[in-house]
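Dear colleague,

I am handing over the structure we spoke about, and below it you will find my notes on what turned up in it. Please read them with the model open beside you.

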Amino acid sequence: QVQLVESGGGLVQAGGSLRLSCAASGRTFSRYPMGWFRQAPGKERAFVAAINWSGDRTYYGDSVRGRFTISRDNAKNTVYLQMNSLTVDDTAVYYCVADDSSQYFSLNYYLGAAYDYWGQGTQVTVSS
């Protein structure tokens, strides 16, 4: 059974940092893209970041570019999201995703439908 388990969420003050982790089990995703989405209360799910299998290509949503960094450790089957300069607008449930259909990014990498597996999510709350 494939599982993506997020961790590292919590409560942080505006301007602070958090590092999210997503550990995959049940299969290896070392040859496939992975990423993060988020959903804030009352808002639609939004693309945050994605990384290719080797880690040398990344994409970011406009609202997080320059503040968040996605990375991965294929030996650990884990993807990370370093979040800096957090604002209250970053408050959301963050979901880890994985694509196992191709080692190359989908043209629609910024859409949830491009990913085959989703984690349960981890809450990030940023206080003012």
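A salt bridge here means that a side-chain nitrogen of Lys or Arg lies within 4 Å of a carboxyl oxygen of Asp or Glu. By that criterion D62 and R65 form a salt bridge, with their closest N and O atoms 2.9 Å apart. Please keep in mind throughout that this is a predicted model. Of these two residues, D62 counts as exposed, at 68% relative accessibility, whereas R65 counts as partly exposed, at 49%.

The other salt bridges

A search of the whole structure finds four salt bridges. One of them joins D100 to R27, where the closest N and O atoms are 2.9 Å apart. D100 belongs to the loop between β9 and β10 and R27 to the loop between β3 and β4 (34–39), so this pair ties together parts that are 73 residues apart in sequence. Both partners are partly exposed, D100 having a relative accessible area of 21% and R27 one of 27%.

Another salt bridge is formed by R38 and D90, whose closest N and O atoms are 2.8 Å apart. This pair, too, links distant parts of the chain, since R38 sits in strand β4 and D90 in the loop between β8 and β9, 52 residues apart. R38 counts as buried at 10% relative accessibility, and D90 counts as buried at 1%. The two are also members of a network of salt bridges that links R38, R67 and D90.

The loop between β9 and β10

Which charged residue is buried yet has no salt bridge? The residue is D99, and the nearest side chain of opposite charge, that of R27, is 8.5 Å away, which is beyond the 4 Å that a salt bridge allows. D99 is found in the loop between β9 (92–98) and β10 (117–118). Its side chain does have a polar partner, because a polar contact of 2.6 Å joins the side chains of D99 and S101. Leaving aside neighbours within four places in sequence, D99 is in contact with Y32, P33, Y104, A114, Y115 and D116.

D116 has its place in the loop between β9 and β10 as well, and at 40% relative accessibility D116 counts as partly exposed. The side chain of D116 reaches the backbone nitrogen of D100 at 2.9 Å. With neighbours within four places in sequence left aside, the contacts of D116 are A98, D99, D100 and S101. By way of a longer distance, the C-alpha atoms of D116 and D89 are separated by 27 Å, although these residues are 27 apart along the chain.

The open sheet

Turning to the strands, four of them form an open sheet in the order β1-β3-β8-β7, and the pairing is antiparallel. β1 (3–7) and β7 (68–73) stand at the edges with a single partner strand each, so one side of each is left without a neighbour in the sheet. From one strand to the next, the twist averages 15°.

Within this sheet, β1 and β3 pair in the antiparallel sense over five bridges, and Q3 stands opposite S25 in β3. The side chains along β1 alternate, in that L4 and E6 point to one face and are buried, while Q3, V5 and S7 point to the other face and are not buried. Strand β3 (residues 18–25) is in turn joined by six bridges to strand β8 (residues 78–83), the two running antiparallel; here L20 has L81 in β8 as its bridge partner.

S21 is a further residue to look at in strand β3. At 19% relative accessibility S21 counts as buried, the cut-off for that class being under 20%. Not counting residues up to four places away in sequence, S21 touches V5, E6, S7, W36, T78, V79 and Y80.

With best regards

Conventions
Residues numbered from 1 in each chain as written. Predicted model: local features only at pLDDT ≥ 70, side-chain atom pairs only at ≥ 80, totals over all residues. Heavy atoms only, no water. Pairing = 2+ DSSP bridges. Helix = DSSP H or I, 4+ residues; strand = E, 2+ residues; numbered from the N terminus. Axes fitted to C-alpha atoms, helices over the stretch in contact; angles between N-to-C directions. Buried < 20%, exposed > 50% of the residue type's maximum accessible area, 1.4 Å probe, protein only. Lys, Arg positive; Asp, Glu negative; His and termini not counted. Polar contact = N/O pair within 3.5 Å; in protein donor to acceptor, adjacent residues only side chain to side chain. Contact = heavy atoms within 4.5 Å.
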